[in-house]
Amino acid sequence: MSRLAEQKDQQSYTEVSSFQISDGLNHNMEPVKTSRIFLAAVAANLSAFVVGTCLGWTSPIGPKLKSEDTSDSPLDRPITADEDAWISSLIAIGALLAPFVAGPLADRIGRKWVLLSSSVFFVLAFVLNMVASEVWVLYLSRLIQGFGVGFVMTVQPMYVGEIATDNVRGATGSLMQLFIVSGILYVYAIGPFVSYQALQWCCIVVPIISDVVFFFMPESPYYFAGKGRKTDALRSLQFLRGQSAEGVHDEMAVIQANVEEAMATKGTVMDLVKSPSNRKALFICAGLISFQQLSGINVVLFNSQSIFASANTGLNPAIATIIIGCVQVSSSGLTPIVVDRLGRKVLLLVSASVMSLGLAALGFFFYMKLVVGDVSSVIWLPVPALIIYNIVYCTGFGPLPWAVLGEMFPANIKSTASSVVASTCWILGFVVTRYYPALDALGSYYAFWLFAFFCVVAFFFVLFVVMETKGLSLQQIQDRLQGKRD
């Protein structure tokens, strides 16, 4: 009798019906409560808000550290241009190394606990900022911040991609950019108007709040299924869908079957290269992430206040920076609404093309300022150019490379692929932010025109290489990568 019950239990997880969760209804007509999915996705993205505070930190802090008046600086002297470049870029080194720890950890202890542990790095970094009296302490702090950023950027797309249904995965995957720019706006709006130490206190509370909220969210059902914890996977899915055990039966069967098939052969880095479908997915994801960084976004984020100060438009640089932050948040809020209607590819194409125009215009302004010497006719140009650039970045190349990363790879290789792609992001992020000052010294217009050129290349990359994933299940995406058609 017990053997019969065991066989029946096993059968309930291996039979796969034609049920499609994207229909929004199961065979018992129980509706999927997408509010539960968005609740978990928002809680997970609070860690992305913390990432934003780290990325935006240098914009209001940089002028304080470079000022001859050291009364609002932890240091007893102004920092040099070279030290400023290292403070900006070292976060990328930490973020480059972290994915190779975070990826395997996500498979071992779970996506949820890796995201929760990222806050340890953030809290420690802001404590170091408080007690810093030498530049090397700030270097160490930024490196540790980078580890936290790397943990989040590697694992958060995995978690959100796995908890979402097919019809909202684009929207939930796009939330990361919204929360990052919200964190950036947080420090943009507070930093210029409070003391150095007060800003560190304002930042340190954010990862603590993030952990408290996310602690009550479920682990990914895909992780539990991969560990053979079927009961936990079922409970997680019930919470995320707001359905009964019977209601999630079909989707649980599909998840179990997909995970078992994928985990039959544990993926390695070599599988990314040997498998044609994985190789194609890696090329798409690494390409999108590379062009994201080569668009110059980190230069804009880290140096917004300094860029406006050097432009000398007459507008208070701190206010101009806050305006840019508000634009980033409002435009990022559009992407979750439109991405599953318009598709990833259309938004990426618009983003690349219009970013190139905004950067070219900004380069033209600095050319007129530094070479021609007369900007009276274009004094208005920097603010609208950066606003346009930020709008299309935040609706395209900001969120969508990470959303695509969360849905492109099978379960057995996902953590490895996420580590490689995230590291690619931060290698280029370091190169761009570390050596931008050298290019800026030759003429700011060279830097912005170079970024504009990369955006043009990105347009053709998306047009000819990137595949549309709108409305496709994770399995359908794998079928497309393998050359199969419905």
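## A walk through the model

Start by selecting residues 1–27: pLDDT (the predictor's confidence in each residue, from 0 to 100) stays under 50 there, and the model gives this stretch 35 contacts beyond four places in sequence. Contact here means heavy atoms within 4.5 Å. Where pLDDT is low, the predicted coordinates should not be read in detail. Now colour the whole chain by pLDDT: the average is 85, and 90% of the residues score at least 70.

Some ground rules before moving on. This is a predicted model, with residues numbered from 1 along each chain as its sequence is written. Local features need pLDDT of at least 70 and side-chain atom pairs count only at pLDDT 80 or more, while totals for chains, interfaces and linings use all residues; side-chain values use heavy atoms, with hydrogens and water left out.

**Stop 1: the nonpolar cores**

Select Val149, Tyr159, Leu288, Phe397, Met408, Phe409 and Trp426. These have the most contacts inside the largest nonpolar core, which has 128 residues. A nonpolar core is a set of buried Ala, Val, Leu, Ile, Met, Phe, Trp, Tyr and Cys residues joined through side-chain atoms within 4.5 Å. Buried means under 20% relative accessible area, exposed means over 50%, and partly exposed is in between (1.4 Å probe, protein chains only). Helix 7 gives this core its largest share, 13 residues. Helices are DSSP runs (H or I, at least four residues), as are strands (E, at least two), numbered from the N terminus.

Zoom in on Phe409. Leaving out residues up to four places away in sequence, Phe409 touches Leu272, Asn278, Ala281, Leu282, Cys285, Lys414, Ala417 and Gln478. Then pick Ala233, Leu234, Met252 and Leu474, which are among the 12 residues of a second, separate core.

**Stop 2: the cavities**

How many cavities of 30 Å³ or more does the structure hold? There are three. A cavity is a set of points, on a 1 Å grid over the protein atoms alone, where a 1.4 Å probe fits but cannot get out; lining residues have an atom within 4 Å of a point. Grid points are joined across faces, edges and corners, and a volume is the space filled by probe spheres set on the points.

The largest cavity has a volume of about 130 Å³. Select Leu55, Met153, Gln177, Ile180 and Tyr393: of the 16 lining residues, these are the closest to its centre. Show helix 9 (175–190), helix 15 (276–294), helix 16 (297–311) and helix 22 (414–442) too, since each supplies at least two residues of that lining. By class, the lining has 10 nonpolar, six polar and no charged residues. For these classes, Ala, Val, Leu, Ile, Met, Phe, Trp, Tyr, Cys and Pro count as nonpolar, Asp, Glu, Lys and Arg as charged, and the others, Gly among them, as polar.

For the second largest cavity, with about 60 Å³ of space, select Gln156, Pro157, Val160, Gly161, Arg169, Gly173, Met176, Trp402, Ala403 and Gly406, which line it. Helix 7 (135–163), helix 8 (169–173) and helix 21 (400–408) each supply at least two of the lining residues, and helix 7 has the largest share with four. The class count here is five nonpolar, four polar and one charged.

**Stop 3: covered spots**

Go to Thr53 in helix 2 (residues 34–56). Thr53 counts as buried because its relative accessible area is 0%. Beyond neighbours within four places in sequence, Thr53 is in contact with Phe126, Gly183, Ile184, Tyr186, Val187 and Cys203.

Helix 3 (residues 58–66) is mostly covered, with seven of its nine residues buried. Pick out Thr58, Ser59, Pro60, Ile61, Gly62, Lys64 and Leu65 to see them.

Next comes Met217, in the loop between helix 10 (196–214) and helix 11 (221–226). Is Met217 buried or exposed? Its relative accessibility is 9%, so Met217 counts as buried. With residues up to four places away set aside, Met217 touches Leu39, Ala40, Ala43, Lys112, Tyr159 and Phe239.

Leu116 sits in helix 6 (residues 111–131) and counts as buried at 7% relative accessibility. Not counting residues up to four places away in sequence, Leu116 touches Asp211, Phe214 and Phe215. Try a distance from Leu116 to Ala44: they are 72 residues apart in sequence and 9.0 Å apart in space, C-alpha to C-alpha.

**Last stop: an exposed residue**

Finish at Ala441 in helix 22, which counts as exposed because its relative accessibility is 66%. Draw a line from Ala441 to Thr395: the C-alpha atoms are 31 Å apart, with the two positions 46 residues apart in sequence numbering.

Notes
1 Å grid on protein atoms, 1.4 Å probe; cavity = no way out; pocket = protein on both sides within 12 Å on 5 of 7 lines; lining within 4 Å.
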